[in-house]
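Student: I would like a close look at one part of this model. Please pick a buried charged residue and work outward from there.

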Amino acid sequence: MKDTDNLQVLQGHTDFVNAVTFDPSEGQRVASTGDDLTCRVWNVEAQEEEIVFRLTAPGMAVAWHSDEPLKLMVGQKDGLIRFFSLDNQLPVMSLSCGVSPLMDCDWSPHNSLLAGAVAGTDWVVFDTSRSSMPLERRQAHAEGAQRFRWSRCHESLLATLGRPERQIHVFNTRHQQVVTAALVDTFPTSPPLLLITALFPNVSRVAWLASEGNAALL
């Protein structure tokens, strides 16, 4: 951080924080989830906690709905993906990956009905308008998948990070072949940070940044 940057600390989690995300509309809210079995929504400007959603397992990932900013998706470590309404502050629905641990999930930026996740060694994709059963499932990494992201530029591409040896795989949901496979190293100057880069055809690199959990949001 630069000396001119403004640092805010939001405290409320009682155990490690595993994921943090800003709301996509105005950026005035932050959602976080972690090992204390909660997903919390914060008002950044007021530096206050607004909503607490109780989970049934540690929260590993959280994402806002791109078209409905009052809807949150939370991935639980037990393989359950839960959806919450910020409007009435109640759970809306849930989907099961059928395996655990679930380590990450993401909403498609091209089709807001599609949600994807990695759990165990697989990636799974759901159509939230159809059924609680996965639309598609494939093995991502033989020793465990850790991260999942949809491509921001192509509707059928997704990328995963996993073991062995910090592998990145890029998949096309329209055919069975792996588009790209690569190895990455941990960020050289800060061990708690893992910088993951995936190459997508005809576009610049897409970067994901993840940090080890803490009970406060910086």
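**A buried arginine and its surroundings**

Tutor: Start with R82, which is found in strand 8. This is a predicted model, and every value here is computed from it. R82 is buried, yet it has no salt bridge. The nearest side chain of opposite charge belongs to D78, 7.7 Å away. A salt bridge would need a side-chain nitrogen within 4 Å of a carboxyl oxygen, so D78 does not qualify.

What does lie 3.4 Å from a polar atom of the R82 side chain? The backbone oxygen of R54 does. R54 also appears among the residues that R82 touches. Leaving out residues up to four places away in sequence, the others are L55, T56, L72, M73, V74, Q76, P91, M93 and S94.

Now move one place back in sequence, to I81. With neighbours within four places set aside, I81 is in contact with M73, V74, M93, S94, L95, C97, L102, A117 and F126. M73, V74, M93 and S94 are touched by R82 too.

I81 belongs to the largest nonpolar core, which has 16 residues. Within this core, I81, M73, C97, L102 and A117 touch the most other members. Which elements give two or more residues to this core? They are strand 6 (59–64), strand 8 (80–85), strand 10 (102–107), strand 11 (114–119) and strand 12 (122–127). A second, separate core holds 13 residues, including A31, W64, F84 and L86. In soluble globular proteins, nonpolar side chains tend to be buried together.

Follow strand 12 onward. L135 sits in the loop between strand 12 and strand 13 (136–139). L135 counts as partly exposed because its relative accessibility is 47%. Setting aside neighbours within four places, L135 is in contact with L114, V125, F126, D127 and R130. F126 is also a contact of I81. L135 and V124 are eleven residues apart in sequence, with their C-alpha atoms 7.5 Å apart.

Next, the backbone in some of the loops. The peptide bond from S100 to P101 is cis, with omega near 5°. P101 lies in the loop between strand 9 (90–96) and strand 10. A cis bond also runs from R163 to P164, where omega is near 10°. P164 is in the loop between strand 15 (157–162) and strand 16 (167–172). E165 is in the loop between strand 15 and strand 16 as well. E165 is not a glycine, but its phi is positive, at about 60°. Its relative accessible area is 57%, so E165 is exposed. L37, also not a glycine, has a positive phi of about 65°. L37 is located in the loop between strand 3 (29–34) and strand 4 (38–43). At a relative accessible area of 34%, L37 is partly exposed.

Finally, the whole chain. The secondary structure comes to zero helices and 20 strands. Of the 218 residues, 42% count as buried. Among contacts with a separation of 6 or more, 39% join residues 24 or more positions apart.

How far does the confidence go? Mean pLDDT is 83, and 82% of the residues reach 70 or more. Strand 11, one of the contributors to the largest core, has the highest confidence, at 97. Confidence is lowest in strand 19 (residues 206–211), at a mean of 35. Over residues 187–214, pLDDT stays under 50. The model has 55 contacts beyond four places in sequence for residues 187–214. Where pLDDT is low, the predicted coordinates should not be read in detail.

Conventions. Residues are numbered from 1 along each chain as its sequence is written. This is a predicted model: local features need pLDDT of at least 70, side-chain atom pairs count only at pLDDT 80 or more; totals for chains, interfaces and linings use all residues. Side-chain values use heavy atoms; hydrogens and water are left out. A nonpolar core is a set of buried Ala, Val, Leu, Ile, Met, Phe, Trp, Tyr and Cys residues joined through side-chain atoms within 4.5 Å. Buried means under 20% relative accessible area, exposed over 50%, partly exposed in between (1.4 Å probe, protein chains only). Helices (H or I, at least four residues) and strands (E, at least two) are DSSP runs, numbered from the N terminus. Contact means heavy atoms within 4.5 Å. Lys and Arg count as positive and Asp and Glu as negative; His and the chain ends are not counted. A polar contact is a pair of N or O atoms within 3.5 Å; within protein, one must be able to donate a hydrogen and the other to accept it, and residues adjacent in sequence count only if both atoms are side-chain atoms. pLDDT is the predictor's confidence in each residue, from 0 to 100.
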